[in-house]
Amino acid sequence: MILFILLHLFFIVFEVGNGIKDVSMISVDNPFKSGLGPYSFDYLLGEKSNYTISAQVIFLDYEETSENTISSLKKQGKIVICYVSVGSFENWRGDANTFPKSVIGKKYSGWEGEYWLDIRNISILLPIMTKRFQLAQSKGCQGIDPDNMDVYIQKDTGFKITYGDQLLYNKNISIAVRKLGLVVGLKNDNDQIGDKTNRDALVNYFDFAVSESCFYWKECNKYQPFLAKKSPVFDIEYSDDPSNKVSKKEFLTKVCKSNDKIAFILKHLVLRNDPKTTVTCP
């Protein structure tokens, strides 16, 4: 059994390290036809919504959103990207019982029922995540928004995860999604974006980027490699998070004017479809 696991892990590493060094070799149906954009968007994970919004791109939960809803949105000409947490265990998910205890770490502070995952265990996690991507694909999702892709910088996960561990895991996630013909985004892991001339840089593995509070933390410039290759960058700023709060006035007068190539939106942390708490750039 140990030999089988080692061989399985070897072939996964081999695929990333040697078999597929240029993910552009994997054909995908890219819905971002006009390239960089910026595209208007909304991010709706907090609760079920009526989705009657004008945004061009909508981020939705892969499991909680119905196939009919996704089909309806696409008929309206919207691009539907589906959220999947690849770095945390969520105890309410339908596949929660497929995660062995050995890969479930400490509590994810601030999020009830969520725990960090040991992303070093690619041979265990990648098949589970691939099934999630396949479910999203079967519903009609046009891309995947993998969340919690920077476990290695978190302080108390229960695991000793390195920069290299994260890089390898994220590459495997990208390849798994792209093999399904879907585009895939890099979420927040901006210190591993790198430069497109570096084959190992994650900018070469992902089709778009999603950032949280890059304006507040003065990190939007880190997404320049995506902009340089005309790949969309979406940033969510928060108006109710004490640690990185941005006011509506600051959002409209500063955030929206800070970079005309990045798509910005101001939301509450619960990410509801609420016109009272959602602010977009003019």
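Me: Helices (H or I, at least four residues) and strands (E, at least two) are DSSP runs, numbered from the N terminus. So where is lysine 78 found?

Reply: This is a predicted model, with local features needing pLDDT of at least 70 and side-chain atom pairs pLDDT 80 or more, while totals for chains, interfaces and linings use all residues. Residues are numbered from 1 along each chain as its sequence is written, and side-chain values use heavy atoms, leaving out hydrogens and water. Lysine 78 is in the loop between helix H2 (67–75) and strand S3 (79–85).

Me: How far from lysine 78 is the nearest side chain of opposite charge?

Reply: Lysine 78 is buried, meaning under 20% relative accessible area (over 50% is exposed, in between partly exposed; 1.4 Å probe, protein chains only). Lys and Arg count as positive, Asp and Glu as negative, with His and chain ends not counted. Lysine 78 has no salt bridge, i.e. no side-chain nitrogen of Lys or Arg within 4 Å of a carboxyl oxygen of Asp or Glu. The nearest candidate is aspartate 42, at 9.6 Å.

Me: Which backbone oxygen does the side chain of lysine 78 reach?

Reply: Lysine 78 has no salt bridge. Still, at 3.1 Å its side chain reaches the backbone oxygen of alanine 55.

Me: Which helix gives the most to the largest nonpolar core?

Reply: A nonpolar core joins buried Ala, Val, Leu, Ile, Met, Phe, Trp, Tyr and Cys residues through side-chain atoms within 4.5 Å. The largest has 67 residues, and Phe133 and Phe226 touch the most other members. With seven residues, the top contributor is helix H3 (residues 122–139).

Note on methods:
Polar contact = N/O pair within 3.5 Å; in protein donor to acceptor, adjacent residues only side chain to side chain.
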